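Colleague: I am new to reading protein models and would like some practice. Could you walk me through a few features, one at a time?

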Number of protein chains: 2
Amino acid sequence: MIGRLNHVAIAVPDLEAASAQYREALMAKVSDPVDEPDHGVSVVFVELDNTKIELLQPMGEDSPIAKFLEKNPNGGIHHVCYEVDDIQAASRHLQAQGARILGDGEPKIGAHKKPVLFLHPKDFNGTLVELEQA
Amino acid sequence: MIGRLNHVAIAVPDLEAASAQYREALMAKVSDPVDEPDHGVSVVFVELDNTKIELLQPMGEDSPIAKFLEKNPNGGIHHVCYEVDDIQAASRHLQAQGARILGDGEPKIGAHKKPVLFLHPKDFNGTLVELEQA
């Protein structure tokens, strides 16, 4: 079912500083920041040869990563995103296996304009897993 | 400098249960467990289309992930590993940029039998970053 690792998301308290670290210390290809107000984050994409890292800074008051940064003020790895071919089939299979999908259980349109869902971290080794229909 | 994402390492309290989740719920290709006593872990490799996930369970009393699991009993994402062409050049560049290398600052031979180093999480957004000479 899961295919590629689409991205690893890292929550950061200071997007400009984090971008500079990846650009200058790790000498990676780093995008300009992109505001995604509908998803409550500003994002910088670090393009690696086989996948990407998304550096996320909270945007607005209801940002989904605000609580994470309260608990982890230096930042930290927030989630991994795996690609699937068919998000509805993935959702049915996972629920049949007893995995819990966050929210109302229905896939939503994610920040990449593609259908996504998030799995409960307690069902996956304390790891927040996003699935995205590729 | 950094090229491919070599792997994402996830510390887990129960390697057998974690393997079953990835095999059955996420329908991924999952290896048998491999004991790495010199590195204090048992590892299962989850082969994705473009990279891999390493599920790590502590092995022995001095396991480098034992403390992490004390703080995160359900498990959690432990580190990301980026590939570099020349670990000595990477080390010199990073130290010139003010980044701290864990231990004595010298690359060591890692679990894949290749030279690796770890960067201080406080310098990289609360993220433990491993660099591996590809």
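Colleague: Let me start with a backbone feature. In which loop is Met27(A) found?

Modeller: Before we look, please keep in mind that this is a predicted model. Met27(A) sits in the loop between α1 and β2 (29-30) of chain A.

Colleague: What is the sign of phi at Met27(A), which is not a glycine?

Modeller: Here is the general idea: most residues other than glycine have a negative phi. In this model, Met27(A) has a positive phi of about 50 degrees, although it is not a glycine. A second case is Asn125(A), also not a glycine, with a positive phi of about 55 degrees. Asn125(A) belongs to the loop between β8 and β9 of chain A.

Colleague: And how do I tell whether Asn125(A) is buried or exposed?

Modeller: Look at the relative accessible area: under 20% means buried, over 50% exposed, and partly exposed is in between. Asn125(A) has a value of 7%, so this residue is buried. Met27(A), with 44%, is therefore partly exposed.

Colleague: Let me try that on a helix. Which residues of helix α3 (residues 87-96) of chain A are buried?

Modeller: They are Ile87(A), Ala90(A), Ser91(A) and Leu94(A). Because these residues cover an arc of only 100 degrees around the axis, they are on the same side of α3(A). On the other side of α3(A) you will find Arg92(A) and Ala96(A), which are exposed.

Colleague: Which residues of α3(B) are buried?

Modeller: In α3(B), the buried residues are Ile87(B), Ala90(B), Ser91(B) and Leu94(B). Their arc around the axis is only 100 degrees, so they are on the same side of α3(B). Arg92(B) and Ala96(B) are exposed, on the face of α3(B) turned away from its buried side.

Colleague: Now for side chains. How many aromatic pairs are there over all chains?

Modeller: To find them, you check whether ring centres lie within 6.5 Å, then look at the angle between the planes, where over 60 degrees counts as edge-to-face. The count over all chains is 2 aromatic pairs. In one of them, the rings of Tyr22(A) and Tyr82(B) have centres 6.1 Å apart and planes at 80 degrees, so this pair is edge-to-face. Since Tyr22(A) is in helix α1 (residues 15-25) of chain A and Tyr82(B) in strand β6 (residues 76-84) of chain B, the pair joins two chains. Both of these tyrosines, Tyr22(A) and Tyr82(B), are buried.

Colleague: What about Tyr82(A) and Tyr22(B): what kind of aromatic pair do they form?

Modeller: An edge-to-face pair, with 6.1 Å from centre to centre and 80 degrees between the planes. This pair also crosses between chains: Tyr82(A) is in strand β6 of chain A, and Tyr22(B) is in helix α1 (residues 15-25) of chain B. Tyr82(A) is at 0% relative accessibility, so this residue counts as buried. Tyr22(B) is likewise buried, because its relative accessibility is 0%.

Colleague: How many disulfides does a search of the whole structure find?

Modeller: The search gives 0 disulfides over all chains. You can still read the accessibility of a cysteine. Cys81(A) is at 0% and so counts as buried. Cys81(B), at 0% too, is buried for that reason.

Colleague: Next, pockets. How much space lies in the second largest pocket?

Modeller: About 560 Å³. A good next step is to ask what surrounds that space. There are 29 lining residues, and the closest to the centre of the pocket are His39(A), Pro64(A), Val116(A), Phe118(A) and Glu130(A). By kind, the lining divides into 13 nonpolar, 8 polar and 8 charged residues. Several strands of chain A each supply at least two lining residues, among them β4 (41-47), β5 (52-58) and β6 (76-84).

Colleague: One last idea: sequence and space. How far apart in space are Leu56(A) and Gly75(A)?

Modeller: Their C-alpha atoms are 9.4 Å apart, while the two residues are 19 apart in sequence. Leu56(A) is part of strand β5 of chain A, and at 6% relative accessibility Leu56(A) counts as buried. For practice in chain B, take Glu106(B) and Arg92(B), which are 14 residues apart in sequence and 10.0 Å apart from C-alpha to C-alpha. Glu106(B) lies in the loop between α3 (87-96) and β7 (108-109) of chain B. With 45% relative accessibility, Glu106(B) is partly exposed.

Key:
Residues numbered from 1 in each chain as written. Chains lettered and ligands numbered in written order. Predicted model: local features only at pLDDT ≥ 70, side-chain atom pairs only at ≥ 80, totals over all residues. Heavy atoms only, no water. 1 Å grid on protein atoms, 1.4 Å probe; cavity = no way out; pocket = protein on both sides within 12 Å on 5 of 7 lines; lining within 4 Å. Points joined across faces, edges and corners; volume = space filled by probe spheres on them. Helix = DSSP H or I, 4+ residues; strand = E, 2+ residues; numbered from the N terminus. Nonpolar A, V, L, I, M, F, W, Y, C, P; charged D, E, K, R; others polar. Phe/Tyr/Trp six-rings, centres within 6.5 Å; stacked < 30°, edge-to-face > 60°. Buried < 20%, exposed > 50% of the residue type's maximum accessible area, 1.4 Å probe, protein only. Disulfide = S-S within 2.5 Å. Arc of directions from axis to C-beta.
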